[in-house]
Structure formats: C-alpha cells, structure tokens
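Here's a quick briefing to read with the model open in your viewer. Have a look at the structure first, then work through the notes by topic.

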Amino acid sequence: MEKAKKTIKALFITRICLWVIAAVSTIIWMWYSFKLHADGIFDPYEYATLLRPVMYTGLIVAVVAILAAFLLRRITVEIKRQNGIR
C-alpha cells in the first residue's frame with residue numbers, strides 16, 4: 001500500500017512536469033510568432049517559412065507530453081484500483 005502511494009506520487013509529479021513541458025513548448029512558438037511580427041516580418045510566405053519549424057516542433061513536443069501525461073494518468077488509476085485507494 002505504501003509503495004503504491006509513493007508510485008502514485010511520483011507519477012503525479014511526472015505528469016505535472018509533462019504539462020509544464022507542453023505549456024512551455026506552446027508558449028515558445030507563440031512568443032516566436034510575436035517576435036517575427038515585432039521584427040517586421042509580415043509577408044505570409046516569409047513568416048510561414050520562419051515559423052513553421054519552430055511551431056511544428058513545439059506542437060509535436062506538446063502533443064507527445066500531453067499524451068504521455070494521459071497515459072500516466074491511466075496507469076495511476078489502475079494502480080489505485082488494484083490497491084483499493086480512492
């Protein structure tokens with residue numbers, strides 16, 4: 001029972017870290033988008049060419065982190081169910 005609680009706590013902390021990673025990666029590509037406008041880049045083709053690699057990388061990191069967090073949540077629920085923890 002105590003081992004299960006420690007595991008659940010570790011999984012919860014890991015999930016928090018994953019959500020922070022997802023938020024930071026999203027904020028980075030949003031900041032970069034604003035930076036491009038601040039630098040005077042308004043041409044859609046140039047803007048898209050510069051933003052695309054940063055945005056795609058940020059989105060992929062965010063999606064993978066969120067999916068991993070949901071997977072860890074599912075594992076946590078299963079551990080709780082097996083040990084009778086509410």
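Helix H2 bends by about 40° at Leu 51, and a proline, Pro 53, follows within four residues. Keep in mind that this is a predicted model. Even with that bend, H2 reaches 56 Å from its first C-alpha to its last over 40 residues, close to the 58 Å expected at 1.5 Å a residue.

**Helix H2 and its buried side**
- Leu 51, where the bend sits, is also one of the buried residues of H2.
- The rest of that buried set is Tyr 47, Gly 58, Ala 62, Ala 65, Ala 69, Leu 72, Thr 76 and Ile 79.
- What covers these buried residues includes H1.
- Just after H2 comes Gly 84, with a positive phi of about 70°.

**Helix H1**
- H1 runs over residues 2-38, which makes 37 residues; at 1.5 Å a residue they should span 54 Å, and the end C-alpha atoms are 53 Å apart, so the two values agree.
- Its buried residues are Ala 4, Ile 8, Leu 11, Arg 15, Leu 18, Ala 22, Ser 25, Trp 29, Ser 33 and Leu 36.
- Many of these positions are spaced in a way that fits a general rule: an α-helix has 3.6 residues a turn, so residues three or four places apart point the same way.
- The cover over the buried residues of H1 includes helix H2 (44-83).
- Just after H1, Gly 40 takes a positive phi of about 90°.

**Where the helices meet**
- Is Thr 76 buried or exposed? With a relative accessible area of 1%, Thr 76 falls under the 20% cut-off, so it counts as buried.
- Thr 76 has its place in helix H2, and leaving aside neighbours within four places in sequence, it is in contact with Ile 8, Leu 11 and Arg 15.
- Those three partners, Ile 8, Leu 11 and Arg 15, are among the buried residues of H1.
- Gln 82 also belongs to helix H2, but at 56% relative accessibility it is over the 50% cut-off and therefore counts as exposed.
- How far apart are Gln 82 and Ala 4, in sequence and in space? They are 78 residues apart in sequence and 9.4 Å apart in space, C-alpha to C-alpha.

**Nonpolar surface patch**
- Phe 12, Ile 13, Ile 16, Val 20, Val 24 and Ile 28 form a nonpolar patch on the surface, and together they have about 510 Å² of accessible area.
- Take Ile 16 from that patch: its place is in helix H1, and a relative accessible area of 40% makes it partly exposed.

**Salt bridges**
- The count comes to 2 salt bridges.
- One joins the side chains of Asp 39 and Lys 35, at 2.9 Å from N to O. Lys 35 is partly exposed, at 32% relative accessibility.
- The side chains of Glu 78 and Arg 81 also meet in a salt bridge, at 2.4 Å from N to O.
- Glu 78 and Arg 81 both lie in helix H2, 3 residues apart, which is about one turn of the helix.
- Glu 78 is partly exposed, with a relative accessible area of 32%, while Arg 81 is exposed at 58%.

Notes: Residues numbered from 1 in each chain as written. Predicted model: local features only at pLDDT ≥ 70, side-chain atom pairs only at ≥ 80, totals over all residues. Heavy atoms only, no water. Helix = DSSP H or I, 4+ residues; strand = E, 2+ residues; numbered from the N terminus. Expected span 1.5 Å × (residues − 1). Buried < 20%, exposed > 50% of the residue type's maximum accessible area, 1.4 Å probe, protein only. Contact = heavy atoms within 4.5 Å. Patch = residues over 30% accessible without salt bridge, like charges linked within 9 Å, V, L, I, M, F, W, Y side chains within 5 Å. Areas by Shrake-Rupley, 256 points an atom, 1.4 Å probe, with all protein chains shown as cover. Salt bridge = Lys/Arg side-chain N within 4 Å of Asp/Glu carboxyl O. Bend = angle between axes of the 7 residues up to and from the residue.
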